[in-house]
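Please open the structure in your viewer and keep the sequence panel visible beside it. This tour proposes a series of selections and explains what may be found at each stop.

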Amino acid sequence: MIVQWIMKYMESKKFAWSNNTLRSEGYRLNGIAKHLHDGVTFREPSELWLAIEYQKPYTRQTTWTRSSEFYQYLIDNKIVEGINVYKKWREDNARNFKNVYQKHKPDITFEDARSRI
């Protein structure tokens, strides 16, 4: 059942995303489908977190964002009712998503770079 919902969700994105994005995000959602839905009901967000906790921070954030957007799609299309529990869980556990974007400082100073040019 969830596979059909994912296919419909991906179909809704075909004009917004490139073919590569459609393919990669489809793989991402299908890969976590069993952590989102057990065949009868949606699982708790904490179960998804445990499944993706091993991922690198940026990948984990992207996976969570995609899961939250997919769940919102299901709400908007009246497939599920209620609030977006994945969005709420992220807001309540924001500390888990901190420091995702690591800024890299160059090894040289501005003056050194200028003199090299």
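## The whole chain

Begin with the entire protein in a cartoon view: there are 6 helices and 0 strands. Followed from the N terminus, the elements run α-α-α-α-α-α. The radius of gyration is 18 Å, well over the 13 Å that the globule rule gives for 117 residues, so the protein is more spread out than a compact globule. Please bear in mind throughout that this is a predicted model.

Next, display the C-alpha trace and rotate the view. Along its principal axes, the trace spans about 65 × 35 × 20 Å. Of the contacts between residues at least 6 apart in sequence, 55% join residues at least 24 apart.

Now switch to a surface view. The protein exposes about 8,500 Å², and carbon and sulfur atoms supply 51% of that area. Buried residues account for 35% of the 117 residues.

Colour the charged side chains as the last step of this overview. There are 20 positive and 14 negative charges, and the mean positions of the two sets are 4 Å apart.

## The salt bridges

How many salt bridges are there in the model? The count comes to 6. The next selections visit several of them.

**Select Arg43 and Glu47.** The two side chains meet in a salt bridge, with a distance of 3.2 Å from N to O. Arg43 has a relative accessibility of 28% and counts as partly exposed. Glu47, at 35%, also counts as partly exposed, because values from 20% to 50% fall in that class.

**Select Arg66 and Glu69.** Here the N to O distance of the salt bridge is 2.3 Å. Both residues belong to helix α4, which covers residues 57-76, and they lie 3 residues apart, about one turn of the helix. Is each partner buried or partly exposed? Arg66 has a relative accessibility of 11%, so this residue counts as buried. Glu69, by contrast, reaches 34% and counts as partly exposed.

**Add Glu25 and Arg28 to the selection.** Together with Arg66 and Glu69, these residues are linked in a network of salt bridges. Showing the four side chains at once allows the network to be viewed as a whole.

**Select Lys88 and Asp92.** The side chains of this pair meet in a salt bridge at 3.0 Å, N to O. The two residues are 4 residues apart in helix α5 (residues 85-92), which means that about one helical turn separates them. Lys88 is partly exposed, with a relative accessible area of 39%, and Asp92 is likewise partly exposed at 48%.

## A stop in a loop

**Select Lys78.** Where does Lys78 lie? Its place is in the loop between α4 and α5. Inspect the backbone at this point: phi of Lys78 is near 60 degrees, a positive value in a residue other than glycine. With a relative accessible area of 72%, Lys78 is exposed, because the class of exposed residues begins over 50%.

## Looking back

To finish, return to the cartoon view and retain the selected side chains. The pair Arg66 and Glu69 can be located in helix α4, the pair Lys88 and Asp92 in helix α5, and Lys78 in the loop between α4 and α5.

Key:
Residues are numbered from 1 along each chain as its sequence is written. This is a predicted model: local features need pLDDT of at least 70, side-chain atom pairs count only at pLDDT 80 or more; totals for chains, interfaces and linings use all residues. Side-chain values use heavy atoms; hydrogens and water are left out. Buried means under 20% relative accessible area, exposed over 50%, partly exposed in between (1.4 Å probe, protein chains only). The radius of gyration is taken over C-alpha atoms; the globule rule is 2.2 Å times the number of residues to the power 0.38. Contact means heavy atoms within 4.5 Å. Accessible areas come from the Shrake-Rupley method with a 1.4 Å probe; for residues, only the protein chains shown count as cover. Lys and Arg count as positive and Asp and Glu as negative; His and the chain ends are not counted. The place of a charge is taken as NZ of Lys, CZ of Arg, CG of Asp or CD of Glu.
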